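The following exercises are to be worked with the sequence and the coordinates at hand. Each task is followed by a solution in steps.

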Amino acid sequence: MLSFLYARQSGLDDPVRLRRAESTRRVLSLELNHNRDVARVHGNGINTLDIEVIDGRYMLSGGSDGVIVIYDLENNSKKLQYSCKTICTVGRSSRHVHKFSVETVQWYPHDTGMFVSSSFDKTMKVWDTETLKPAEEFQFDGNVYCHHMSPVARKHSLIAVGTKDPKVQLCDLKSGSRIHILQGHRGEILSVRWSPRYEHILATASTDSRVRVWDVRRASGSLFTLDQQNGDKSKASSEAVNTAHNGRANGLCFTADGLHLLTTGTDDRMRLWNSATGENTLVNYGKVVNESRKGLKFTVSRGCSPEFVFVPCGTSVAVYGLHSGELITMLRGHYNNVDCCEFHPDYQEVYSGGKDCNILAWVPVLRQPDIEDEENNSKRGGTQAAVNPAFEDAWSSDEG
Amino acid sequence: MSRKRALIADTFCLKRRRSAADAVAGDSHAEGAADIRSSLQNLMTLFSRKLFNDSLPPVVLKHQLYSLHSDRTSVDKQLNELRASGELLMFQLGFDSEAFALVFAEDYRAKVLQGEAGRETLETVEKFLDKLIPGCSDLSFNKEKMLKEFLFTDSEITQLVKSGVLTVRDAGSWWLSIPNSGKFIKYFIKGRKAVLGMVKKSKYSEILKTELEGRRTTSHVKFQMKYHIHDIVGAELVECIQTTSGTVLRYVDGNIN
């Protein structure tokens, strides 16, 4: 670490290098910390989490009881022990609360004055954060599984909505119209995601095992369908030709630079695709247990040198290396199934919520001071032992 | 715990290791391919030939390699290289869309011709093998390809299906297959179910790997125990946990088998 600092100071290394190395080290040491807690408000499972992009301070959560809660993640008290407080909630007593479970919540990408929530009561509501009243409500014919607003859009303010209907609907926030429809899927749409790189590119995943990538400016159908065999028709059985997964495709996540797309499916596989060509990069993550009947919400780290994927797998969160495909670790701590997880890019923390009504904060472990002492000792040639030989014994070890 | 420390050490030791790494990188590629080949040969020795009266070449399943090597992506890459060079053939077995069988090309050729000796389909099969082995690494063929690229007639295709080298996939397309492999698949599935049952019935649904290897097998299990263990570990039907007494195999819930 000191060598990195010195290299940055003297100009040998790019400043980004130190930042990436330290971010990676922090992500690799994620752990449950008894000093960090999130207030427990939900009475039923938590389906979705979203951290706002501007400050990284406020987090939204939506639960199976229809309740939406806003938390303040920043620790302004001078104490080490901090429990993330709720700022406000749209509880069961509110007149405008969703009748059934809230499936997706998302902050408005440009400021925290507004957020959008969609639920199984077939509505999508646009809320004003100040008054906690819906400014706009969109009605649909079937359960709304997911929605997403583009984080980089300047020219449009479309919300892509995935419902039980095979048609992907685009709702315009400015005018309130919903006439734009994307046709092509043959099953329920379980997940929609805009690309973080191009504001017109949208990816959708559906129960017909297909993942399609669209350009919303185009009048005709999708740009391409992701094919797990990369066009090699010989490998799959004839029904499985041109599909992204051998089961329902239920999770989508773009990497932070928008160049790659990750998809998960109920065939217990996760695949990494090149988002420009639709080619399967064939990274093998092994069995990623997935039994979700709705969409799966997972996330990718940002700003680390080998990027990491955090996927809810049963009652724990699995951390995989993005391009290597190896399982780094499993974050265990929930008592029941984990439904969603979010990565906080500034502090390299992961928040995960699940059916046990808890939101757990996984915080990087602070540096231990004795590791540096060991390094100094080895540099000096080990002349000074850290422990007096009289107190050393044969059976205890200093490894944890 | 120690794995995380090793990863963290990697990130921060980048500078010191840079010069050493460059020298090593060139050799590791060639070593990698040889590595997979030797693992394949080891696994092939576990295959019981006598069971099928020597009519089948030694067959290994792709996911058995995953239990020997930790990096699945590099295993896949190396297998594709071997297939492209014509040394290895891959087949889609019917029972699982992810289960692929691997056979060395010379073994396959030898056994198929041995099986065909004396029959009238011998010539067609030889012609097919000649077209297949050096160039083509497909798992299935459709009618266009057979007629136009390979220049086979309909009657020749029927002969190939009769000899067992092709199996029907759907109207107008065929899977590449191993002749007489039906018995193999039947014994394999039965054996896999029996071994998984043994793990499931143990106390807490877990058993030490060495203990499982030593257990007496029922008549349902025809292959060697190690062959089945590599299979269930590689297909992630059981979880492999390292303990102080060795490797423990724990049955994973939610399996259909």
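**Exercise 1.** In this predicted model, determine how many residues lie between β26(A) and β27(A) in their hairpin, and which residue of the turn has a positive phi.

*Solution.* Step 1: the hairpin of β26(A) and β27(A) has four residues between the strands. Step 2: within that turn, Q348(A) has a positive phi of about 55 degrees. Step 3: β26(A), residues 338-344, runs antiparallel to β27(A) and is joined to it by six bridges. Step 4: in this pairing, S352(A) of β27(A) has C341(A) opposite.

**Exercise 2.** Identify the strand that is joined to β27(A) by four bridges, and the residue in the hairpin of these strands that takes a positive phi.

*Solution.* Step 1: the strand is β28(A), residues 359-364, which runs antiparallel to β27(A). Step 2: W362(A) of β28(A) stands opposite V350(A). Step 3: four residues separate β27(A) and β28(A) in their hairpin, where C357(A) has a positive phi near 65 degrees.

**Exercise 3.** Are the residues of β27(A) buried or exposed, and which of them point the same way?

*Solution.* Step 1: β27(A) spans residues 349-354, and six of its six residues are buried. Step 2: in a regular strand, side chains alternate between the two faces of the sheet. Step 3: E349(A), Y351(A) and G353(A) point one way, while V350(A), S352(A) and G354(A) point the other way. Step 4: both sets are buried.

**Exercise 4.** State how many disulfides the structure holds, and examine the surroundings of C88(A) and C146(A).

*Solution.* Step 1: there are zero disulfides over all chains. Step 2: for C88(A), the nearest cysteine sulfur belongs to C84(A), 15 Å away. Step 3: for C146(A), the nearest is that of C171(A), at 12 Å. Step 4: C146(A) counts as buried because its relative accessibility is 5%, under the 20% cut-off.

**Exercise 5.** Establish the strand order of the open three-stranded sheet in chain B and its edge strands.

*Solution.* Step 1: the order is β4-β6-β5, with antiparallel pairing. Step 2: β4(B) (140-142) and β5(B) (166-170) each pair on one side only and are therefore the edge strands. Step 3: neighbouring strands are turned by 35 degrees against each other on average, direction ignored. Step 4: β5(B) pairs with β6(B), residues 173-176, over four bridges; L166(B) has L176(B) as its bridge partner.

**Exercise 6.** Which residues of chain B have pLDDT under 50?

*Solution.* Step 1: chain B has a mean pLDDT of 80, and 85% of its residues reach 70 or more. Step 2: pLDDT stays under 50 over residues 14-29 of chain B. Step 3: where pLDDT is low, predicted coordinates should not be read in detail.

How values were computed: Residues are numbered from 1 along each chain as its sequence is written. Chains are lettered from A and ligands numbered from 1 in the order in which they are written. Side-chain values use heavy atoms; hydrogens and water are left out. A disulfide is a pair of cysteine sulfur atoms within 2.5 Å. Buried means under 20% relative accessible area, exposed over 50%, partly exposed in between (1.4 Å probe, protein chains only). Two strands pair if DSSP finds at least two bridges between them. Helices (H or I, at least four residues) and strands (E, at least two) are DSSP runs, numbered from the N terminus. Axes are lines fitted to C-alpha atoms, for helices over the stretch in contact, and angles run from 0 to 180 degrees between N-to-C directions. pLDDT is the predictor's confidence in each residue, from 0 to 100. Contact means heavy atoms within 4.5 Å.
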